[in-house]
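Trainee: I am new to this structure and would like a close look at one part of it. Please take the salt bridges, and set them against the chains they sit in.

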Amino acid sequence: MELHYLYGLLGGLIIGTAAAVLLLINGKIMGASGILGSIADGSAEGSDRREKLAFLGGLIGAPALVALFFGAGSTNLTTNVVVIIAAGLLVGIGTRIANGCTSGHGVCGISRLSIRGIVATVFYLLAGGIVMVLFRHVLGVI
Amino acid sequence: MRMFASALAGALFGLGLMLSGMTDTTRVQGWLDIFGAWDPTLAFVLGGAILPMAVAWRMTRRFASPILGTAFPPPPQHKLGRNVVVGSTLFGMGWGLAGLCPGPALASLSWGGWGGALFLLAMVAGMVVTPPLRRRFALFA
């Protein structure tokens with residue numbers, strides 16, 4: 001097995017453990033888009049808001065600390081400004097309409113056999129694949 | 001204490017995303033690019049993440065309440081609206097274009113450079129404008 005498959009599996013187990021911690025201790029579903037979105041638009045209030053801010057602090061802070069001491073490699077994100085902005089807007093709008101992203105629908109939804117989670121995952125994987133074919137292999141943009 | 005648990009979950013989530021390679025857009029786009037140099041790593045990540053969560057969901061049936069909370073989330077809604085399909089399709093398009101989704105965009109903030117910050121900014125802008133627009137025009141209700 002190639003090494004990055006192993007890292008993928010180990011990283012995945014840690015991601016699932018993170019979601020399990022939030023569920024079993026606080027009784028919350030780990031959805032990155034919902035947590036960030038409700039902080040950004042001000043809909044999270046009181047102790048819920050403080051808990052979500054703490055989550056975001058850990059999510060940004062822990063990788064930042066590792067990157068500081070061990071290096072982080074690269075995100076390899078495109079430098080095409082139009083693509084970055086369009087992609088960001090689509091991800092932001094899409095996750096809000098679908099009420100979830102890869103963590104909420106993918107990890108937390110599929111693991112409880114939620115029909116919504118499974119359908120959401122199928123559609124974002126399909127859309128991602130189609131965009132890849134169109135924008136990489138037909139248009140050559142990404 | 002709940003804040004500490006929340007911060008711990010966020011930290012674990014970020015470290016998992018980093019270790020798994022999900023903060024590297026070539027890995028994500030490599031998974032979506034089935035006609036290119038296909039990279040199956042993301043399947044290992046998703047599979048690995050679902051395992052502990054499947055156990056955790058089963059454990060919620062045995063306990064009356066979360067350790068530091070009053071109630072577990074309600075059972076999943078099996079009613080499918082257009083919003084799940086439309087929203088997930090839009091999200092998938094953006095995810096394919098850039099190779100970033102919300103979790104990794106946040107986790108890689110410290111080393112993602114101006115591009116990562118710009119993506120995050122555009123994503124937050126989309127998240128903020130969508131709920132009032134949906135209410136105003138009764139879109140995908």
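Mentor: In chain A, take the contacts between residues at least 6 apart in sequence: 36% of them join residues at least 24 apart. Keep in mind that this is a predicted model. The secondary structure of chain A consists of 6 helices and 0 strands, so its elements read α-α-α-α-α-α from the N terminus on. The C-alpha trace of chain A spans about 50 × 40 × 30 Å along its principal axes. Chain A has 142 residues, and 51% of them count as buried. Its accessible surface is about 5900 Å², with 69% belonging to carbon and sulfur atoms.

As for charge, chain A carries 8 positive and 5 negative side chains. The centres of these two sets lie 4 Å apart.

Chain B can be described in the same terms. Its secondary structure comes to 6 helices and 0 strands, and the pattern along its sequence is α-α-α-α-α-α. The C-alpha trace of chain B spans about 45 × 40 × 30 Å along its principal axes. Of the 141 residues in chain B, 51% are buried. Among contacts in chain B with a separation of 6 or more, residues 24 or more positions apart account for 45%. Chain B exposes about 6600 Å², and 70% of that area comes from carbon and sulfur atoms.

Now to the part you asked about. Over all chains, the whole structure has 6 salt bridges. One of them pairs A:Lys28 with A:Asp48, whose closest N and O atoms are 3.6 Å apart. A:Lys28 lies in the loop between helix H1 (3-26) and helix H2 (32-40) of chain A, while A:Asp48 belongs to helix H3 (residues 46-70) of chain A, so this salt bridge ties together parts that are 20 residues apart in sequence.

How covered are these two side chains? A:Lys28 has a relative accessible area of 32% and is partly exposed. A:Asp48, at 22% relative accessibility, also counts as partly exposed, because a residue must fall under 20% to be called buried.

A:Asp48 has another partner. A:Lys52 forms a salt bridge with A:Asp48, and here the closest N and O atoms are 3.2 Å apart. A:Lys52 and A:Asp48 both sit in helix H3 of chain A, with their positions 4 residues apart in sequence, about one turn of the helix. A:Lys52 has a relative accessible area of 18%, so it counts as buried.

Chain B offers a further example. B:Asp39 and B:Arg27 form a salt bridge, with their closest N and O atoms 2.6 Å apart. This pair links distant parts of the chain: B:Asp39 is in the loop between helix H2 (25-32) and helix H3 (41-62) of chain B, B:Arg27 is in helix H2 of chain B, and the two are 12 residues apart. B:Asp39 and B:Arg27 are both buried.

Back in chain A, salt bridges that share partners join A:Lys28, A:Asp48 and A:Lys52 into one network.

The loop that holds A:Lys28 leads into helix H2 of chain A. This helix is mostly covered, with 7 of its 9 residues buried. The buried residues are A:Ala32, A:Ser33, A:Ile35, A:Leu36, A:Gly37, A:Ser38 and A:Ile39. What covers them includes, from chain A, H3, helix H4 (81-98) and helix H5 (102-110). The cover also includes, from chain B, helix H1 (2-20), helix H5 (102-107) and helix H6 (113-137). H2 of chain A is followed by A:Gly42, which has a positive phi, near 80 degrees.

On the other side of that loop is helix H1 of chain A. Here the surface has a nonpolar patch formed by A:Leu3, A:Leu6, A:Tyr7, A:Leu10 and B:Leu19, with about 420 Å² of accessible area together. The largest share of this patch, 4 residues, comes from H1 of chain A. One of the patch residues, A:Leu6, is found in this helix and is partly exposed, with a relative accessible area of 36%.

Conventions:
Residues are numbered from 1 along each chain as its sequence is written. Chains are lettered from A and ligands numbered from 1 in the order in which they are written. Side-chain values use heavy atoms; hydrogens and water are left out. A salt bridge is a side-chain nitrogen of Lys or Arg within 4 Å of a carboxyl oxygen of Asp or Glu. Buried means under 20% relative accessible area, exposed over 50%, partly exposed in between (1.4 Å probe, protein chains only). Patches are made of residues with over 30% relative accessible area and no salt bridge: like charges are joined within 9 Å, nonpolar side chains (Val, Leu, Ile, Met, Phe, Trp, Tyr) within 5 Å. Accessible areas come from the Shrake-Rupley method with a 1.4 Å probe; for residues, only the protein chains shown count as cover. Contact means heavy atoms within 4.5 Å. Lys and Arg count as positive and Asp and Glu as negative; His and the chain ends are not counted. The place of a charge is taken as NZ of Lys, CZ of Arg, CG of Asp or CD of Glu.
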